Amino acid sequence: MSYASAGTVTTNGDINISIGGFAQMYFDWANNQGFLGNVANPEFTKTGTKSTPAQTSFGSTANFTRLGLALENKAEGVKGLIEGDFWGGGANISTDQNGNFRLRHAYFVKEFCQEGCNYTPWLLIGQTFNSGFYISYTMNGPVNIAGSSSGPTNRIPQVGFGVKFDLGSVKLNPQIAAEDLLTGFISQSGFDSYRSTMPGLGVRIPVEFNSGLGAPVQFYADVQWQNLKLTKQASNIYSSNQNSYEFGGGLELPVYFVSLKADAHYSKGFTKYDLLSGNVMPPSYYLDGTSIEKVSATAWDAMLKIDFNKLSQVPITLAGGYSQVVFGNLGNLSNGSSAYARKASTIFANIGYNLTKSATLGLEYDRNKTYYVGATNDPDNGRVSNQVFFVGTYKF
């Protein structure tokens with residue numbers, strides 16, 4: 001999150017507090033899907049009940065507006081961030097879009113480095129992204145696109161440690177973190193309970209290097225793991241020891257005024273890693289008789305962005321791309337009474353215009369295609385939806 005620094009306050013403890021964020025509004029026209037969604041509606045929502053025929057609806061929100069405090073104590077080498085938005089439920093969100101204020105980030109980072117060193121160990125404690133080096137080219141900030149292989153975009157409590165190496169033309173930032181991955185990324189169906197007795201583990205290796213073709217090239221690789229225990233008394237399953245994992249990577253290649261981006265990941269027992277709007281995501285774990293099964297997911301994306309400001313001083317950007325996720329080992333979920341996505345994909349294209357230095361306007365078209373199993377849906381009949389949305393953002 002970058003702040004335009006609307007104001008800075010220096011406290012008695014030598015901590016500089018920068019106030020920042022943005023005001024943002026969406027107008028969305030969607031056909032056969034939910035507001036700012038990333039999946040098409042299934043043919044059957046449940047067994048014997050057909051979905052409403054494809055209809056177009058309009059929706060709007062300013063609840064994604066953010067407000068944050070960036071904290072820095074230069075004398076102690078500590079930085080932090082406290083940030084929230086109005087995307088929380090409750091209040092009058094269903095009637096007049098007045099959602100509750102919701103905590104997004106709350107963390108601090110201590111850097112351990114003497115002046116002039118070319119490596120900087122750091123320690124992070126708090127709630128933030130566990131894969132914060134991914135930025136999609138879509139303008140759908142609240143929901144993102146189906147199959148976006150960024151890995152998890154939830155903000156979770158964690159304790160992380162890493163070392164930033166500045167090797168001149170190459171910069172490395174290997175890191176490891178103890179994380180609470182259970183509730184954010186794992187779901188289950190048919191069990192009495194599930195729990196963890198230890199934090200999950202995340203390892204990430206971001207790399208940045210100069211190519212001589214414009215902005216630095218960025219690459220990352222990551223691995224996530226979480227242990228959990230499942231219980232189903234009727235099947236004599238008590239605290240069954242299970243492991244969820246994910247691994248993936250990505251590359252962003254800027255070539256002067258054009259940027260190319262590609263990402264991919266594979267996961268097992270981590271279906272909430274691929275956040276899909278609605279209740280169509282298959283559970284991470286389910287029972288097939290007395291057998292515990294875990295669902296896999298393979299996702300990838302490819303995107304392109306053109307910045308005309310770098311080419312001819314015209315404040316316009318064009319971007320587009322394709323992304324998909326395919327879920328595997330669905331077993332008896334395919335014959336169930338609930339509709340689950342077997343495959344979901346999005347094609348998107350957008351145009352952005354910098355109205356001023358701090359105000360931007362954007363227009364995006366998304367085409368979502370979703371294949372379903374369960375609830376008598378034909379797994380080979382892809383359901384299609386479309387949406388066009390306008391977004392205006394003012395950063396401060």
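Tryptophan 87 is partly exposed, at a relative accessible area of 28%; buried means under 20%, exposed over 50%, and partly exposed in between (1.4 Å probe, protein chains only). This is a predicted model, in which local features need pLDDT of at least 70 and side-chain atom pairs count only at pLDDT 80 or more, while totals for chains, interfaces and linings use all residues. Residues are numbered from 1 along each chain as its sequence is written, and side-chain values use heavy atoms, with hydrogens and water left out.

## Aromatic rings

A pair of aromatic rings is described by the distance of the centres and the angle of the planes. Rings of Phe, Tyr and Trp (its six-membered ring) pair if their centres lie within 6.5 Å; planes under 30 degrees apart count as stacked, over 60 as edge-to-face and the rest as tilted. In the whole structure, 13 aromatic pairs are found. Phenylalanine 22 and phenylalanine 64 make a tilted pair, because their ring centres are 6.3 Å apart and their planes stand at 50°. Phenylalanine 22 is in strand S2 (residues 16–31), and phenylalanine 64 is in the loop between strand S5 (56–61) and strand S6 (66–73); the two are 42 residues apart, so the pair links distant parts of the chain. Strands (E, at least two residues) and helices (H or I, at least four) are DSSP runs, numbered from the N terminus.

Phenylalanine 64 also forms an edge-to-face pair with tryptophan 87, with 6.1 Å from centre to centre and 80° between the planes. Since tryptophan 87 belongs to strand S7 (residues 78–92) and phenylalanine 64 to the loop between S5 and S6, this pair ties together parts that are 23 residues apart in sequence. Phe22, Phe64 and Trp87 form one aromatic cluster. Within that cluster, phenylalanine 22 and phenylalanine 64 are both buried, the latter with a relative accessible area of 5%.

Elsewhere, lysine 110 lies over the face of phenylalanine 112, at 5.5 Å from the ring centre. For a charge to sit over a ring, NZ of Lys or CZ of Arg must be within 6 Å of the ring centre and within 35 degrees of the ring normal.

## Salt bridges

A salt bridge is a side-chain nitrogen of Lys or Arg within 4 Å of a carboxyl oxygen of Asp or Glu. By this rule the count is seven, including the three below.

| Acidic residue | Basic residue | N to O distance |
|---|---|---|
| Glutamate 43 | Lysine 50 | 3.6 Å |
| Glutamate 83 | Arginine 104 | 2.8 Å |
| Glutamate 179 | Arginine 204 | 2.0 Å |

Lysine 50 is exposed, at 55% relative accessibility. Glutamate 83, in contrast, is buried with a relative accessible area of 1%, and its partner arginine 104 is buried with 3%. Glutamate 179 is buried with a relative accessible area of 1%, and arginine 204 counts as buried at 4%. Salt bridges that share partners join Glu83, Asp85, Arg102 and Arg104 into one network.

## Strands and sheets

Glutamate 179 lies in strand S12 and arginine 204 in strand S15, so their salt bridge ties together parts that are 25 residues apart in sequence. Two strands pair if DSSP finds at least two bridges between them. S12 (residues 175–179) runs antiparallel to S15 (residues 200–209), joined by five bridges, and isoleucine 176 stands opposite valine 203 in S15. Five bridges also join S12 to strand S10 (residues 155–166), again antiparallel; here glycine 162 stands opposite glutamine 175 in S12.

In a regular strand the side chains alternate between the two faces of the sheet. S12 has a covered face with Gln175, Ala177 and Glu179, and an uncovered one with Ile176 and Ala178.

Another group of strands is an open sheet of three, in the order S13-S19-S20, with mixed pairing. Its edge strands are S13 (188–189) and S20 (291–294), each of which pairs on one side only. S13 and S19 (residues 285–288) pair in the parallel sense over two bridges, with serine 189 opposite tyrosine 286 in S19.

## Nonpolar cores

A nonpolar core is a set of buried Ala, Val, Leu, Ile, Met, Phe, Trp, Tyr and Cys residues joined through side-chain atoms within 4.5 Å. The largest one has 21 residues, and Leu276, Val325 and Phe327 have the most contacts inside it. Strands S21 (296–307), S22 (316–328), S23 (340–354) and S24 (359–373) each give two or more residues to this core. The largest share, three residues, comes from S23. Apart from this core lies another, of 14 residues, among them Phe185, Ile186, Phe191 and Phe270.
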